[in-house]
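Hello,

Please find below the structure I promised to pass on. My notes on what was found in it follow.

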Amino acid sequence: MTMRTDHWNKRALDFIRPHFEQAQRLVQIATGFFTIQGYDLVRAVLSGKYVQILVGFDEQSRERLRQKLIEDIMLHLSHWSAEDRRAAVLDLVERIRAGRFIITERQERDERVDARARSRDHAKVFILDECKAIVGSINLTAGGLLYNAEGCTLQEEPKRVQF
């Protein structure tokens, strides 16, 4: 089976899932938006992997970002009727407690985020075991993974992935 290296369509989940499955130890995600519903869509393929998520849709205020993230999570939980909502939340909380799932925001002088990042860039990045990068417009939300027309490219060339 040959994997496509580019995706532009709805159901971005179908494009990223096989790559997430192939990751052995580490999945790093830089996204504008994160919801537990989005996490639930990929949690089975993240099982046993260390996950780091960088959320940064409001670079003007860290406190506003934190509050917005909490409000969005609470709103999505209140409207989410999925039967396994409780399982997704419990799984996420357990992974956070165990230190295997970290949600962070860009800090000033953050060594993990390249200072060359520009505030108006729109791309989201998924780095898998530091040997593959999926770059595009997919947020880690149900909308981004299932419904929005999203574009992304798989990058496997080591220098590009490291960049």
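**Notes on the model**

Valine 161 sits in helix α6, which covers residues 158–162. I begin there and work outwards. Please keep in mind that this is a predicted model.

Valine 161 is buried, since its relative accessible area is 7% and the cut-off for buried is under 20%. Leaving out residues up to four places away in sequence, valine 161 touches Ile127, Glu130, Cys131, Lys132, Ala133, Gln155 and Glu156. Its C-alpha atom is separated by 6.9 Å from that of glutamate 130, and the two residues are 31 residues apart along the chain.

Two of the residues touched by valine 161 deserve their own notes, namely glutamate 130 and alanine 133. Glutamate 130 belongs to the loop between β5 and β6. Its phi is near 55 degrees, which is a positive value in a residue other than glycine. Aspartate 129 also lies in the loop between β5 (124–128) and β6, and the phi of aspartate 129 is near 55 degrees, again positive in a residue other than glycine. Are these two residues buried or exposed? Aspartate 129 is buried, with a relative accessible area of 15%, whereas glutamate 130 is partly exposed, at 49%.

Alanine 133 is part of strand β6 and counts as buried, at 4% relative accessibility. Apart from neighbours within four places in sequence, alanine 133 is in contact with Phe126, Ile127, Thr153, Leu154, Gln155 and Val161. For one of these, glutamine 155, the C-alpha to C-alpha distance to alanine 133 is 5.0 Å, with their positions 22 residues apart in sequence.

**The loop after β6, and β7**

Serine 137 is found in the loop that runs between β6 (132–136) and α5 (142–147). Serine 137 is buried, with a relative accessible area of 15%. Its side chain makes a polar contact with the side chain of glutamate 150, at 2.7 Å.

Glycine 151 is placed in strand β7, residues 150–155. With a relative accessible area of 10%, glycine 151 is buried. Not counting residues up to four places away in sequence, glycine 151 touches His7, Trp8, Val135, Gly136 and Ser137. The C-alpha atoms of glycine 151 and alanine 123 are separated by 9.6 Å, and these residues are 28 residues apart along the chain.

**Helix α2**

Why is helix α2 described as largely enclosed by the rest of the structure? The reason is that eight of its eleven residues (36–46) are buried. The buried residues are Ile36, Gly38, Tyr39, Asp40, Val42, Arg43, Val45 and Leu46. Just after α2, glycine 48 takes a positive phi of about 80 degrees.

**The second largest pocket**

Ile36 turns up again in the lining of the second largest pocket, together with Leu69, Ile70, Ile73, Leu77, Val89, Leu92, Val93, Ile96 and Ile103. The elements giving two or more residues to this lining are α3 (62–79) and α4 (85–97). By class, the lining has ten nonpolar residues, no polar residues and no charged residues. The space in the second largest pocket comes to about 160 Å³.

**Confidence**

Before you rely on the pocket, please note that α3 has the lowest mean pLDDT among the elements of the protein, at 73. Helix α1 (residues 12–22) has the highest, at 95. The protein averages a pLDDT of 81, and 79% of the residues score at least 70. Over residues 113–118, pLDDT stays under 50, and for this stretch the model has three contacts beyond four places in sequence.

**The protein as a whole**

The protein has six helices and seven strands. Along the sequence, they follow the pattern β-α-β-α-β-α-α-β-β-β-α-β-α. Of the 163 residues in the protein, 40% are buried. Among contacts with a separation of 6 or more, 70% are between residues 24 or more positions apart.

Regards

Definitions and conventions:
Residues are numbered from 1 along each chain as its sequence is written. Side-chain values use heavy atoms; hydrogens and water are left out. On a 1 Å grid over the protein atoms alone, a cavity is a set of points where a 1.4 Å probe fits but cannot get out, and a pocket is an open set with protein on both sides within 12 Å along at least five of seven lines; lining residues have an atom within 4 Å of a point. Grid points are joined across faces, edges and corners, and a volume is the space filled by probe spheres set on the points. Helices (H or I, at least four residues) and strands (E, at least two) are DSSP runs, numbered from the N terminus. Ala, Val, Leu, Ile, Met, Phe, Trp, Tyr, Cys and Pro count as nonpolar, Asp, Glu, Lys and Arg as charged, and the others, Gly among them, as polar. pLDDT is the predictor's confidence in each residue, from 0 to 100. Contact means heavy atoms within 4.5 Å. Buried means under 20% relative accessible area, exposed over 50%, partly exposed in between (1.4 Å probe, protein chains only). A polar contact is a pair of N or O atoms within 3.5 Å; within protein, one must be able to donate a hydrogen and the other to accept it, and residues adjacent in sequence count only if both atoms are side-chain atoms.
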